[in-house]
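Me: I have a model open and want to go through a few local features. Can you take my questions as they come?

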Amino acid sequence: MTKIRVEKEIGKNTLWIETGELAKQAAGSCLIGYGKTVVLCAATTGPSRPGTDFFPLTCDYRERVAAAGKFPGGFMKREGKPSLKEVLTSRLIDRPMRPLFPKGFTNEVQVLTMVLAADKTTDPDILAMNGAAMSVMISPLVFNGPLASVRIARIDGKYVAFPEFEKMDQSDLDLIVSGNMESVLMMEGFAREMPEDQMYEAVMKAHEYIKAICELQLEMLDKVKPVKPEFTPAPLDHIYNQLKEKYYDEFWQAKRTEGKLARYNACVAVKTKAKSEMFPDSPVVPPLLGPIDEPVVDAEETPVVVSNYTEDQFEQAWYELEERVVRDQILSGTRPDGRGMKDIRDIECRVNVLPCVHGSAVFQRGETQALITVVLGTGRDEQKVDGLFDEYAKKFMLDYNFPSFSVGECKPYRGPGRREYGHGALAERSVKPILPDPEDFPYTVRIISDILESNGSSSMATVCGATLGLMAAGVPIVNPVAGISVGLVKETDKWVLLTDIMGDEDHFGDMDFKIAGTQNGITGIQLDLKIDGISPEIIQATIRQSREARISILRKMLSAIPRPADDIAAEAPRLIKIQIDPEKIGLLIGPGGKTIRSIQELTGASIDVDNDGTVFVASYDEKSAMQCLSEINKLTASVEIGKIYEGQITSIKTYGAFIEILPGRDGLCHISDLAADYVENINSICKVGDKITVKVVSIDDQNRIKLSHKAVLREV
């Protein structure tokens with residue numbers, strides 16, 4: 001196969017795609033580039049494993065820092081486990097691709113993307129998303145492409161596609177949108193309280209660029225002309241119709257049972273009854289809480305044994321029945337728990353629920369419960385982040401944990417996975433815009449969200465709980481932020497939006513659209529679909545409906561704690577920031593760090609000094625912090641004319657005394673200014689080592705200081 005290249009001007013540079021030269025043994029591969037950034041993308045596939053009832057798609061994104069001419073930081077000089085950025089980008093690749101594979105397709109599919117060159121201007125994540133879709137499109141895999149992605153920023157009021165990395169600090173929007181020629185499939189974005197109409201405008205602007213990239217992908221597809229086999233899912237009509245006819249009504253009633261676990265057990269009872277009739281020797285499905293009654297079989301009715309179907313086919317058909325029941329309930333205007341389409345489940349907010357920590361809260365919405373812990377730290381607690389771009393420090397971290405007991409399951413707990421990283425990052429970036437400026441509140445802030453119960457949208461519960469925890473900790477946030485998830489059930493031209501979706505509505509619905517924000521606008525947005533796109537009409541309606549819910553939730557939150565606490569917790573470190581003359585940094589540190597260490601040992605406080613002369617003093621004891629601050633001021637303060645100092649006599653001459661008023665700074669007090677009356681012999685009134693209070697009278701052009709004790713006596 002010869003090399004094929006297509007290219008198109010998108011934004012300020014040319015987006016190009018090549019195939020046919022590298023990674024030719026993959027099912028499909030391509031190079032994609034923008035500016036001097038180049039990403040290799042390859043797709044491979046394998047046969048389905050026996051018993052697989054899901055689509056095993058694996059998407060991986062890898063950054064080799066050598067692509068930016070760098071060595072890995074730390075002791076190991078080889079890349080190890082994926083970084084947070086790599087995990088989050090892998091999720092961004094997976095989410096819009098998954099719904100475009102045909103239903104029932106269970107072959108193994110792996111998409112691997114590697115950054116080969118990085119110019120530190122273009123973020124490679126968007127290139128990897130486009131290249132991954134392209135590699136699958138030109139492979140033999142059945143895939144409903146095209147699928148394109150773009151990042152949109154708003155700098156100086158103008159929307160910019162493929163924005164330069166260093167200019168993102170100037171942008172009030174960081175929005176990634178994926179879609180095809182007709183509709184939008186995925187969104188993830190963060191903003192600084194952007195009004196809803198402007199966010200919608202940004203999404204529509206992104207879709208214009210998506211269409212242009214799709215045209216480029218279709219041009220490549222037309223040149224490659226891959227052979228695509230037909231895929232026909234295994235027929236389940238007979239067993240599905242049999243189950244639907246016999247158990248639809250009974251299962252409908254089970255799905256209306258109040259409470260997640262009770263509803264689960266009621267559904268298990270119906271399923272067990274059906275399965276025991278078709279497969280008498282199959283094991284009973286255990287309930288989550290306590291025993292359930294054995295399925296009742298009419299004594300006069302002979303169990304129906306469907307010998308020409310397997311239990312795997314039964315499971316697939318039963319899943320379709322469950323999906324049909326849930327969707328029919330919603331489309332008929334009845335949600336599984338009886339709520340209206342815009343109703344939010346009961347909300348409970350509590351703060352200061354834990355001792356010792358610096359802030360804590362519990363946010364409960366229905367059967368979803370988030371326990372929030374807030375810890376305040378110093379500059380030494382910042383997280384250093386390295387990668388293709390320059391290393392930077394994070395002063396705000398939000399970690400999300402999802403233990404298996406939160407959904408009543410018994411599973412090994414092996415630490416965070418992709419889901420935990422993704423939900424944590426979404427909540428973190430949604431909350432970050434409302435944090436105070438580090439200049440005003442220089443603390444490092446860490447939030448931990450432990451999900452103790454889950455039945456839908458725990459990430460948005462984390463956003464709400466995090467706001468409560470921050471206010472309880474005394475963090476002076478700009479505005480409270482809340483989040484809500486809106487679902488969708490769509491069949492042909494009929495569609496229904498669901499505010500505050502719970503687990504079944506998420507699982508069997510078509511959309512999970514999370515939106516977080518303040519009363520002023522949106523701070524975070526994330527869209528995941530199970531269908532091949534939604535229209536602008538649905539997007540606009542969802543954004544509008546989510547705002548109504550968000551304002552309602554904010555009112556509930558503010559009734560628990562109307563404003564941030566007046567002061568940080570007593571257990572939190574006292575952090576004081578001062579500015580000194582950069583030329584005096586050496587004086588503060590001393591030879592080999594001797595001076596700064598002695599101050600820390602004397603006071604028990606810790607000191608951090610930046611190159612611009614910013615000094616942070618931290619201590620868990622306010623008294624020691626103030627003592628440390630006093631010692632620093634003595635060392636670094638500048639002499640001020642008219643100010644009174646207590647000094648020490650260091651040298652005596654016939655014409656006066658030299659007095660040290662600050663470390664390393666002394667001035668001359670003439671004999672005529674040493675006392676109120678005439679002094680004949682200077683040694684008769686003072687000696688070296690005496691303490692004396694003097695006033696700075698003047699500083700000449702040679703930086704010589706003139707002092708007067710007489711002036712102090714006059715003011716007494």
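What follows is a short exchange on cysteines, a helix and a loop.

Me: What should I know about the model before we start?
Reply: This is a predicted model, where local features need pLDDT of at least 70 and side-chain atom pairs count only at pLDDT 80 or more, while totals for chains, interfaces and linings use all residues. Residues are numbered from 1 along each chain as its sequence is written, and side-chain values use heavy atoms, with hydrogens and water left out.

Me: How many disulfides does the structure hold?
Reply: Zero, with a disulfide taken as a pair of cysteine sulfur atoms within 2.5 Å.

Me: Why is Cys 30 without a bond to Cys 41?
Reply: Because the two sulfurs are 4.7 Å apart, too far for a bond, and Cys 41 has the closest cysteine sulfur to Cys 30.

Me: And Cys 669, what is the distance to the nearest cysteine sulfur?
Reply: The sulfur of Cys 686 is the nearest, 8.4 Å away, and Cys 669 is in no disulfide.

Me: Is Cys 669 buried or exposed?
Reply: Buried, at 0% relative accessibility; buried means under 20% relative accessible area, exposed over 50%, partly exposed in between, with a 1.4 Å probe and protein chains only. Cys 30 is also buried, at 3%.

Me: Switching topic. Where is Pro 50?
Reply: Pro 50 is in the loop between strand S4 (37–46) and strand S5 (57–63); strands are DSSP runs of E, at least two residues, and helices are runs of H or I, at least four, numbered from the N terminus.

Me: Buried or exposed, that Pro 50?
Reply: Exposed, since its relative accessibility is 86%.

Me: What follows H6?
Reply: Gly 333, with a positive phi near 95°.
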